[in-house]
Amino acid sequence: MEPGRGPGALSGTEEAAGAAQGKGRVNFPFPYTPYSIQEDFMAKLYDVLEAGKVGIFESPTGTGKSLSLICGALSWLRDFEEKKKQEEARLLADEHNGQDKQQQPTSRSAEASNCQGSAGELDWITEFMQKKEEQAMVDRLKEEQIRRKKREDRLEKIRHNVQLKYASKRKRLEDDETQRLLQLSKEILSTELGSDVLEQLDHEEEELILAEYESDEEKKVGLGLEEEEDDDDLEEEHVTKIYYCSRTHSQLAQFVHEVQKSPFGEEIRLVSLGSRQNLCVNEEVRHLGAVQLINDRCVEMQKNKHGKKSEGEESEGKKRRVSRAVCPFYSYEQMQFLRDEVLVKVKDIEQLVALGKETKACPYYGSRYAIPAAQLVVLPYQMLLHESTRCASGIKLKDQVVIIDEAHNLIDTITCIYSAEVRGAKLCCAHSQLLQYMERYRKRLKAKNLMYIKQILYLLERFVSILGGDVNQNPNAQSISQAGTELKSINDFLFQSQIDNINLFKVQRYCEKSLISRKLFGFVERYGATSVVKTNKEKQNMAGLQNFLLTLHQGPDKEAAIQCHPVEAEDGQPKMASPLMQIEGFLSALTNANQDGRVILNRQGTVAQSSLKFLLLNPAVHFAKVLKECRSAIIAGGTMQPVSDFREQLLSCAIGADRVVEFSCGHVIPPDNILPIILCSGPSNQQLEFTYQKRDLPQMMDEIGRILGNLCNVVPGGVVCFFPSYEYEKQVYTHWERTGLLTRLATKKKIFQEPKRANQVEQVLAEYAKCIKRCSQVGGHVTGALLFSVVGGKMSEGINFSDDLGRCVIMVGLPYPNIKSPELQEKMAYLDKTMPRTAGQPPSKMLIENLCMKAVNQSIGRAIRHQKDFASILLVDHRYARPSVFNKLPQWIKERTEIKPTFGLAFAALRKFHHEKKSCYGSEAS
């Protein structure tokens with residue numbers, strides 16, 4: 001590190017940067033010579049961040065998008081910090097010069113004041129206020145400098161002082177030994193004194209009882225740990241930073257590795273955030289499995305550590321010994337140490353967890369402590385886009401930069417985050433569990449708790465009633481007389497359910513603060529394992545819950561024991577034991593504004609199968625809060641076309657059109673390495689139009705079979721064929737089996753089908769890749785493999801068919817969504833009502849086309865993954881040639897696409913393309 005430079009100061013190549021900026025262009029440090037499209041990407045990114053605008057950036061996979069984002073954004077941050085320091089130095093220098101001038105008074109000011117009169121008095125007041133503001137700014141800058149110097153000194157010491165780490169480790173070992181001896185002493189003491197004869201419930205059951213609850217109006221100071229933590233966490237002022245978020249933890253880990261390899265890897269202060277499920281190192285909590293259970297248990301343990309006993313607990317303390325579990329990893333001192341370790345050197349989630357285990361510090365809270373001083377915060381979508389999660393995590397977006405990567409599904413992601421669905425079986429189960437909980441502990445629960453529990457029971461009763469059932473009867477045995485789907489506005493649903501007089505905001509707050517779902521889970525878990533109810537009265541109280549759960553899940557034990565996992569999910573995985581957790585999400589969704597969502601009543605067969613679903617219609621209202629706070633936002637992805645959805649459904653209500661900038665770069669592959677073709681007719685001159693009315697015709701299915709048969713003769717390696725749906729793929733497959741076409745295809749390519757189960761995808765892909773590799777090495781009649789896949793399925797996103805895995809990608813028809821879906825119909829009606837027409841077309845029609853083409857673009861982008869890759873793309877439907885559809889293809893594909901009216905022309909072009917590539921590259925992967 002250079003003398004005088006603090007850790008985390010972004011240097012890059014400042015001399016070169018300064019020289020380049022003098023010529024009007026920024027120099028971007030890069031680990032290798034960048035492609036010209038990467039330079040253009042970084043320059044545009046820099047301009048958007050500097051101007052404080054919102055950018056929609058498209059950079060195809062294989063063009064180095066992640067590195068371009070890293071080097072472009074961090075170069076801007078480097079220059080921004082440098083300008084800020086220069087401005088601070090100037091202001092402090094001006095203040096110093098001003099003090100010198102004040103010590104040399106002149107007679108001019110006195111003369112001026114005598115001749116100005118009342119106007120002079122106003123000038124004097126204005127000048128005084130300006131000086132006061134300037135002085136306040138100077139004082140603030142001095143404080144910032146002191147804070148920054150302390151932080152840099154602290155991190156510098158940790159970076160270079162190895163003895164400090166050993167001292168910290170030695171102290172941890174000493175603390176552990178002290179704790180062990182204390183525990184041993186307690187055990188010996190308790191053995192000598194004997195157990196407390198007055199103890200009515202064991203300490204584990206004591207933890208199931210709700211603590212005394214006071215609402216915010218009664219108690220201004222928050223109940224839980226969250227408020228206390230926020231004050232502690234956020235004491236340090238937030239430096240200017242970049243929030244980078246992506247869809248999955250693997251994508252975030254890959255991004256962090258790219259940062260580590262970049263020129264900024266040694267200097268940037270980066271922190272990776274994650275959920276408790278990913279970061280928790282307490283095995284007792286981790287084994288709970290379900291996200292909500294882990295969250296509730298963690299918060300409860302922190303409350304036990306920080307919370308004070310209620311008056312009731314104090315008075316009963318002499319009668320019973322209450323032992324409340326605390327987390328051994330929640331040590332403020334150790335988390336401070338972990339925070340500094342995180343800021344000193346870039347770490348991904350796995351490295352952060354390993355550090356937490358080593359230092360015996362909680363990585364979840366320790367990483368949150370690092371947010372204020374971090375320059376780059378890496379986090380999943382949910383944490384940034386969900387407002388309450390964002391606030392609880394200590395994320396402040398004010399004047400910061402937000403980068404959302406892999407954003408092609410951003411609208412759907414926000415819609416899903418704020419939507420919720422709950423089935424009738426869960427409503428009945430929650431009611432039964434909560435009723436038995438209340439009866440069991442009625443005498444120990446305070447009045448406020450009983451009031452809220454009764455409100456929740458009433459809500460559950462009304463929800464089941466509006467579905468056409470009775471909460472006190474077995475939902476599997478209650479048939480629905482009038483099955484169907486009904487949509488209602490939020491207000492209409494509340495009125496019809498007769499719950500419009502209940503304050504859902506207060507109920508939601510109670511559920512969140514009291515941790516009632518966690519208590520209820522513990523209650524069911526306790527009586528669902530081996531415990532048998534002790535007294536006759538208790539047996540009577542528990543009988544309702546026991547009988548109800550036994551009807552849902554017949555266990556071998558017919559005793560008075562409660563079944564813990566009454567219902568199984570559709571995919572075979574056990575559902576959460578406390579259904580109240582999911583119902584809380586639905587209650588929260590009902591607090592949205594009336595015009596922004598709809599409630600869907602789906603009545604099917606029985607009450608158990610029926611459901612209530614909240615559908616968010618206006619994701620922009622939640623995204624607007626992000627845009628209004630941050631300085632600049634970048635929405636990036638490999639395939640962002642068509643971008644009109646982002647402009648109209650996400651951005652238009654929050655910012656002006658002049659603040660939105662679009663950038664789309666080409667691909668790094670040579671133009672002749674890709675051959676996209678729109679095929680209008682098949683080998684027998686049958687016009688290709690896979691509409692709902694025509695695609696089931698035998699001649700249409702035969703025609704696509706003939707096309708595949710011809711292609712398999714000339715395309716080496718792997719061929720991936722995408723169908724619009726699983727049902728249509730199965731229908732075509734069955735038809736080809738019957739006609740013998742499948743057997744003929746199998747003589748050239750081994751056939752694979754995309755599985756419906758996610759856990760089988762890896763196995764199918766591995767066998768598919770192994771088959772292609774074996775065929776390329778051995779040769780013979782079988783030249784590779786043919787994979788039948790589904791648009792929007794497991795293989796249309798996030799999986800790379802690079803090199804020989806995807807030498808040809810075929811798209812059968814246009815995968816329009818099901819417009820008969822109630823959710824989609826409501827979305828279409830909402831857009832037609834709230835959005836203007838575009839080019840004479842209603843917004844609903846634009847939505848359908850955009851959903852279709854987003855799915856197409858994601859699928860066909862699977863083939864080209866790096867500079868030397870090559871592939872052909874076949875769009876099998878004459879409707880792709882229509883301008884409204886054609887113009888929604890990615891620019892780098894659209895500019896190279898050929899429209900072929902007959903199959904003969906298309907086949908000749910494909911044969912020539914693959915023959916030339918075989919001559920250039922041979923049969924091996926490039």
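Okay, let's start with a helix pair: H28 and H29 are roughly perpendicular to each other, because their axes cross at roughly 80° and that falls within the 65 to 115 range. Keep in mind that this is a predicted model. H28 covers residues 698–714 and H29 covers residues 726–739, and their axes come within 10 Å.

Who makes the contact? From H28 you've got Pro-698, Met-701, Asp-702, Ile-704, Gly-705 and Leu-708. H29 brings in Tyr-728, Gln-731, Val-732, His-735, Trp-736 and Thr-739. Sorted by class, that contact has seven nonpolar residues, four polar and one charged.

Next up, Lys-827. You'll find this lysine in helix H32, residues 822–834. So is Lys-827 buried or exposed? Its relative accessibility is 11%, and buried means under 20%, so Lys-827 counts as buried. Leaving out residues up to four places away in sequence, Lys-827 touches Leu-617, Pro-619, Gln-649 and Leu-847. Also, have a look at Arg-598: along the chain, Arg-598 and Lys-827 are 229 residues apart, yet 9.5 Å separates their C-alpha atoms.

Last topic, cavities. How many of 30 Å³ or more are there? The count comes to five. The largest one has a volume of about 90 Å³. Its lining divides into nine nonpolar residues, two polar and one charged. Among the lining residues are four cysteines you can pick out on screen, Cys-280, Cys-298, Cys-327 and Cys-362, along with Arg-276, Phe-329 and Tyr-364. Helix H11, residues 291–306, gives the largest share of that lining, with three residues.

That's it from me, happy to take questions.

How values were computed
Residues are numbered from 1 along each chain as its sequence is written. This is a predicted model: local features need pLDDT of at least 70, side-chain atom pairs count only at pLDDT 80 or more; totals for chains, interfaces and linings use all residues. Side-chain values use heavy atoms; hydrogens and water are left out. On a 1 Å grid over the protein atoms alone, a cavity is a set of points where a 1.4 Å probe fits but cannot get out, and a pocket is an open set with protein on both sides within 12 Å along at least five of seven lines; lining residues have an atom within 4 Å of a point. Grid points are joined across faces, edges and corners, and a volume is the space filled by probe spheres set on the points. Helices (H or I, at least four residues) and strands (E, at least two) are DSSP runs, numbered from the N terminus. Ala, Val, Leu, Ile, Met, Phe, Trp, Tyr, Cys and Pro count as nonpolar, Asp, Glu, Lys and Arg as charged, and the others, Gly among them, as polar. Buried means under 20% relative accessible area, exposed over 50%, partly exposed in between (1.4 Å probe, protein chains only). Contact means heavy atoms within 4.5 Å. Axes are lines fitted to C-alpha atoms, for helices over the stretch in contact, and angles run from 0 to 180 degrees between N-to-C directions. Angles under 35 degrees count as roughly parallel, over 145 as roughly antiparallel, 65 to 115 as roughly perpendicular and the rest as oblique.
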